[in-house]
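Colleague: Got a minute to walk me through this model? I'd like to go from the whole chain down to single residues.

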Amino acid sequence: MNSQAVEKTTAEEYFKLGDVLLLQNKFKESILNFEQALVIHQKNNQWEKVVACYNKISESQWKNVQLNKALQTANKALDISSKKLGSDHLQYAIALENKGTCYRLKGSDLKISLSYYEKALKLKSKVLPNDDLEFSNSYFNLGNIYGTKGDYELALEYYDKTLGIRENKLGKNHIQIADVYEAIGRILYAVGNYDKALGYFENAYKIASQTFDKNNLYFVKIYNKIGIIHYYKKAYNKSLKYYQRAFQISIHNLGDNHPDQARLHHNLGTVYIELGQREKALYHVEKTIEIGVNTYGEGYKDLFYPYSFVAQIYGGQKGIYYAKKALDICLNNFGENHIRTSEVYSTIGLLYQEANAFDMAQKYLEKSLKIHQNIFESGNSNIVYSYNLLVDLFLSQKKYEESLVYSEKAIEANKKAYRNNDNSQLIFEDFISPVRLLNSLEKKAYSLQKIYLQKKEDTILNESIKTYNTAKKLIEVLRREYDPKDVEVLAKNTKRVYSGAIAAYLLKYEKSNDEKWIRKAFYFSESSKYNILKGLLNDEKAKTYAGLPNKLLEIEHKIKAELSALKSSLINTKDKDTINFLESKFLTISRRQDSLIKVLEAKYPKYYNLKFNYTPLVVNDIQNYLPTKTTLIEYFIEDDILYAFVITKNGITINQESISDLNKKINQFREHILSKDIEAFKKISFELYQKLIAPIKDNIEGNQLIIIPDESLWHLNFDLLLTKNLETKDPKKQPYLIKEFAISYANSASLLLDQSNQKVINTDVRKECLAFSFSNQDSLLAGDQMELKVLRNIDDDLPGTRNEIKKIAELVKGRYFFGSKAIERNFKNNLSNYNVLHLALHGEVDHQNPDNSRIYFTKTKDSLEDNVLYSHELYSLEIPAELTVLSACNTGMGKVAKGEGILSLGTAFQYAGTKSLLLTSWEVSDKTTPIIIQSFYSNLTKGMNKAIALQQAKLEYLETTDVFTKDPFYWGGFFLLGDYSTITFETPSTNNWKWFFLLGFLVIGIFFFLKRKLIR
């Protein structure tokens, strides 16, 4: 073989390798190989192959967002092709397409881009057979340009043509098929068909995962698009996982300041603002603007996204300034009649609405609506969105007739073109966007309620109530689609439905004085409580009773354990590369978990039905469970309205109060306790009593209260409320509510009283008490384990937490780990064997991420555990305890989620199976805690229920302590959550009495025997 032939072979090899690398999105490496081939082909005057190399280099460059370079290279290809090959050659057409793509991606002139694409297609039609694969590229490009222009119907037509050719030529699993799926998904997302779009993105992912390694750039766009769908479905935590993974892959391949990072920064910013992390959101959106301006210049088409987003963050005049910058970009790049322009009009309208400039707001919102109506057919989620915004505008002006009209228009626009013909009832599958339907229904019901107050026509109020009930049914459907973490977001958005329904039923009650309306109102209140915990418990129950194969249950448990371990590793890792690796693994396993759940729901209908079949207890059921001397009080808060439902054995009442600054007052209440400012405490405590208890005091029966708080009330220790405003400064003489009532707390009445809500766990006979303690004063060398009866006989002066356990040891049997033995592994190995768990350990609350709240065990070089028990780990454990005592600091505190209550360590223990918890509201005193704890256990062994045992322990302490430790700080921090019933102990003292009794009986018997013998 001569040298020229060798060179040609080498050039072909370079070209083929470059093509493979281009397909794998390794752009720099592909360009190097095409350039090597180019040199050889130029030397040998092989001009067709020279132009082909330039075209491939141009494609590599525009795919790597090097648009100016790509345009220059495409022009070289055109120049050489026209001179050496003629302007009717295939390579000339490909160069035209590359040039068109550069203009499309620049966004500077879509008409120019379209003209290049059309010329290329016309040329291909002359030189190629009709079914040639090259036509699929032309159709794909035309689909992209029409999608960018907002002509979605035409875009889909071209994508369908592309798909037909590629499936015929390449098969159904080629990566170019994935490209089409991703493109179709983009269009479906743009028109608001999120579920269908997600299906296409998932199909693209499946093909890509069979083609590329997990860090390939291809996954950036797929993860990003899946994240966008979850974002619009308001599943923000799930969205964040996908955005973060896309960002990691992009940084790994392209570096920090690559142009492609702009859109990823933007998306991260949008989800962080929804999750309440404003600083992170601002950082990412500012990076978006910085990269975008540096790469493309101020007028770049996609810069409207970050400017519009910044406008929403800042609000006011500053917000309007940025929004109008976004509008200029849209008008210059897309024109008036484009969906992007309509989005900015909406943003400007909302900003004017916030500033109470209602006429200007209506002007811009109507412009947005008009564009949506011009672009889309009537049944479209974007039109629904515009109508909903106008509904909000009219409500803010108290124009209830107008808000009613537009809410009904929104509902009508939401209907699919082909739907159930029965218009007498709403079938949720017939609607395009269930999330936006919920918004419309809530606003319609609220508008009707307000119109009723003006007209006093019963039919209007009845229609309002009917609409609220429909909205409630829709909420139950939506919950099925949400990840448990994102149910919190749903709860925040749905609480207005529950509050509106309660208000509507109370209007019925005011007119008829019929108690049934209060009962219906209570049902809505109870439906709003702790749906995350209810859902998780119901899922566990469904798995138990649905007859699922053990193999699948084992896989599910293993996945949960793997995810829990990865979460712990992520918290403890600071190395960037390790974090990226762990997050990638976490997302992969999360996707496996999602797939398994889908399989379970599809293949096992009984599991699916049981999983979502949970309804709250009705009032009659609750009354059947309640003892005669116990009253249940359930609070419901929305905005500045407080509802208090009072349920006794034989009745139910409701009280409505206007409240203001409740959060502030509760914070002051806590601050005054912690600072031991008794005078300030007395004042605020009495104020809170007058708002929360005094109005319902006459309806309370008995001496025991079960309180179901809402929102900030979770941070209030009700037993410290003062029933009178006495002059005395002596804490001992203060009229605390605890002196009248034993108080316990519950997440909801249904979770407390309905036994079917309890997690199904092993109910074998268990030992009494498992105790752990660790103090910094402990020597690790001195660590050990022992039976509690051994600890009773130790006379040494012990550290605070160990002294606390010694006090318990005098009362109950069990096992005790301390010092170097008080490790997480020993806890996990023993927790299922005991009826009572007592953890005198340090706790730490993470208010931002409740799953990361933790309890610290003794830190040792344990290769299996990190000796930090995170809240998320508890969700994969079984803890069948009657009582868990967490006497660590702040174990009862946590993030208060609207509609979900407090998300604390206690919530996780409850899910794991614990029936009741003794928790703390602040940093408890080492000096006084052992006294209260000993008294609490002593009272339990006497047969008192847990609530009364705690009440009496506190009162005994208050009566006997010295003047220096009488303030509420020293004794008021403990509270009982969950089941308040009695616990049966076989206490040490009980055993002793048995022996004394037997011995005494024996002595008396001997005495009478000898006496009778002497008499004889």
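Modeller: Sure, here are some questions and answers on the chain, two helix pairs and a few residues. This is a predicted model, where local features need pLDDT of at least 70, side-chain atom pairs count only at pLDDT 80 or more, and totals for chains, interfaces and linings use all residues. Residues are numbered from 1 along each chain as its sequence is written, and side-chain values use heavy atoms, with hydrogens and water left out.

Colleague: How many helices and strands does the protein chain have?

Modeller: Helices (H or I, at least four residues) and strands (E, at least two) are DSSP runs, numbered from the N terminus. On that basis the protein chain comes out at 41 helices and 17 strands.

Colleague: And what share of the 1016 residues is buried?

Modeller: Buried means under 20% relative accessible area, exposed over 50%, and partly exposed in between, with a 1.4 Å probe and protein chains only. For the 1016 residues of the protein chain, the buried share is 57%.

Colleague: How many disulfides are there?

Modeller: A disulfide is a pair of cysteine sulfur atoms within 2.5 Å. Cys-102 is buried, at 0% relative accessible area, and Cys-769 is buried at 0% too. Under the sulfur rule, the disulfide count is zero.

Colleague: Which way do H2 and H3 run relative to each other, parallel or antiparallel?

Modeller: Axes are lines fitted to C-alpha atoms, for helices over the stretch in contact, and angles run from 0 to 180 degrees between N-to-C directions. The axes of H2 (residues 27-43) and H3 (residues 47-63) come within 9 Å and cross at roughly 165 degrees. Angles under 35 degrees count as roughly parallel, over 145 as roughly antiparallel, 65 to 115 as roughly perpendicular and the rest as oblique. So H2 and H3 are roughly antiparallel.

Colleague: By class, what residues does the contact of H2 with H3 have?

Modeller: Contact means heavy atoms within 4.5 Å. Among the residues that meet are Phe-27, Ile-31 and Phe-34 in H2, and Val-50, Tyr-54 and Ile-57 in H3. Ala, Val, Leu, Ile, Met, Phe, Trp, Tyr, Cys and Pro count as nonpolar, Asp, Glu, Lys and Arg as charged, and the others, Gly among them, as polar. The contact of H2 with H3 has nine nonpolar, five polar and four charged residues.

Colleague: What about H12 and H27, how are they set to each other?

Modeller: The axes of H12 (residues 236-254) and H27 (residues 576-603) come within 10 Å, crossing at roughly 135 degrees. Lys-241 and Arg-245 are among the H12 residues in this contact, and Glu-583 and Asp-594 among those of H27. The residues there divide into four nonpolar, five polar and six charged. With that crossing angle, H12 and H27 are therefore oblique.

Colleague: Which residues does Ile-559 contact, leaving aside neighbours within four places in sequence?

Modeller: Ile-559 lies in H26 (residues 550-572) and counts as buried, at 3% relative accessibility. Its C-alpha atom is 9.6 Å from that of Ser-876, 317 residues apart along the chain. With the sequence neighbours set aside, the contacts of Ile-559 are Ile-589, Arg-592, Gln-593 and Leu-596.

Colleague: Last one: how far apart are the C-alpha atoms of Ile-555 and Leu-596?

Modeller: Ile-555 lies in H26 as well, and is partly exposed, with a relative accessible area of 34%. Ile-555 and Leu-596 are 41 residues apart along the chain, and their C-alpha atoms are separated by 8.7 Å.
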